[in-house]
Amino acid sequence: MSIDIFKENWETALEMQFQKPNRCLKKAYICSPLCAKTDMEMIRNMRAARAYMFYAMKQMNVLARAPHAYLPALLCEKLPAARAMALEFGLRLLENSEVLFVCGDRISNGMKGEIGKAAVLNMDITVFDESLYPAVRKLVTQHGGNKAKVTLDEKNAFLSLPPEIIDC
């Protein structure tokens, strides 16, 4: 799927968002699948996370962050210690966020942990894929959170697209 906003040098714009961040903008944590059967699928998932970040930054006016968009380029996901370090970093970044955006069309195990942590933190959670909405509400309840903090946003449908459809 091609979106006009991706015609600009979007990767540079995405990287620049934190150089002089607007402290008034809401900090959004992008929760999307990383795990995959092949290395190329995982790279595609990393790129999709970057596309979700850019879309959220440009269209929703938030400071978007997705550690899994970049950390796997630095840490080997196949090494348990490196994966644990990346997951810990992600959860710490989540603690410093104001809203969790559940992106894509499936929920991975890593995402379940992030959704559970957001529930414990009583964070607002926005889901973009209607079919994931009940599952996210259930996960929030299972972690003692308030399912009323989970909202469905269908007007930003780009954030519900699976990585194989995103063409950036």
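A salt bridge is here a side-chain nitrogen of Lys or Arg within 4 Å of a carboxyl oxygen of Asp or Glu, and a buried residue is one under 20% relative accessible area. With these terms in place, the predicted model can be read through its fold, an isolated acidic residue, its charge pairs and its largest pocket. The secondary structure of the protein comprises five helices and five strands, and along the sequence these follow the pattern α-β-α-β-α-β-α-β-α-β.

**Overall organisation**

- Of the 168 residues in the protein, 48% are buried.
- When contacts between residues at least 6 apart in sequence are considered, 72% of them join residues that are at least 24 apart.

**Asp129, a buried charge without a salt bridge**

- Asp129 sits in the loop that runs between strand S4 (124-127) and helix H5 (133-142).
- Although Asp129 is buried, it has no salt bridge, and the nearest side chain of opposite charge, that of Arg106, is 11 Å away.
- Because a salt bridge requires the nitrogen to be within 4 Å of the carboxyl oxygen, the 11 Å that separates Asp129 from Arg106 leaves this pair outside the criterion.
- Once residues up to four places away in sequence are set aside, Asp129 touches Gly104, Asp105, Leu152 and Ser160.

**Salt bridges**

- The count of salt bridges in the model comes to five.
- One of them pairs Arg44 with Glu164, whose closest N and O atoms are 3.6 Å apart; this pair links distant parts of the chain, since Arg44 belongs to helix H2 and Glu164 to the segment after strand S5 (150-152), 120 residues apart.
- Arg44 itself is partly exposed, with a relative accessible area of 31%, a value that lies between the limits of under 20% for buried and over 50% for exposed.
- Lys149 and Asp124 also meet through their side chains in a salt bridge, at 3.1 Å from N to O, and this pair likewise links distant parts of the chain, with Lys149 in the loop between H5 and S5 and Asp124 in strand S4, 25 residues apart.
- Both partners of that bridge count as partly exposed, Lys149 at 23% relative accessibility and Asp124 at 34%.
- Elsewhere, salt bridges that share partners join Arg92, Glu95 and Lys117 into one network.
- Within that network, Glu95 forms a salt bridge with Arg92, the closest N and O atoms being 3.8 Å apart, and both residues lie in helix H3, three residues apart, or about one turn of the helix.
- The accessibility of these two partners is not in one class, for Glu95 is partly exposed with a relative accessible area of 40%, whereas Arg92 counts as exposed at 53%.

**The largest pocket**

- The largest pocket holds about 430 Å³ of space, and among the 26 residues that line this pocket, those closest to its centre are Leu34, Cys35, Glu77, Arg83 and Leu87.
- Helix H2 (39-60), helix H3 (80-95) and helix H4 (109-120) are the elements that give two or more residues to the lining of the largest pocket, and the largest share, five residues, comes from H3.
- By residue character, the lining of the largest pocket divides into 13 nonpolar, seven polar and six charged residues.

Definitions and conventions: Residues are numbered from 1 along each chain as its sequence is written. This is a predicted model: local features need pLDDT of at least 70, side-chain atom pairs count only at pLDDT 80 or more; totals for chains, interfaces and linings use all residues. Side-chain values use heavy atoms; hydrogens and water are left out. On a 1 Å grid over the protein atoms alone, a cavity is a set of points where a 1.4 Å probe fits but cannot get out, and a pocket is an open set with protein on both sides within 12 Å along at least five of seven lines; lining residues have an atom within 4 Å of a point. Grid points are joined across faces, edges and corners, and a volume is the space filled by probe spheres set on the points. Helices (H or I, at least four residues) and strands (E, at least two) are DSSP runs, numbered from the N terminus. Ala, Val, Leu, Ile, Met, Phe, Trp, Tyr, Cys and Pro count as nonpolar, Asp, Glu, Lys and Arg as charged, and the others, Gly among them, as polar. Buried means under 20% relative accessible area, exposed over 50%, partly exposed in between (1.4 Å probe, protein chains only). Lys and Arg count as positive and Asp and Glu as negative; His and the chain ends are not counted. Contact means heavy atoms within 4.5 Å.
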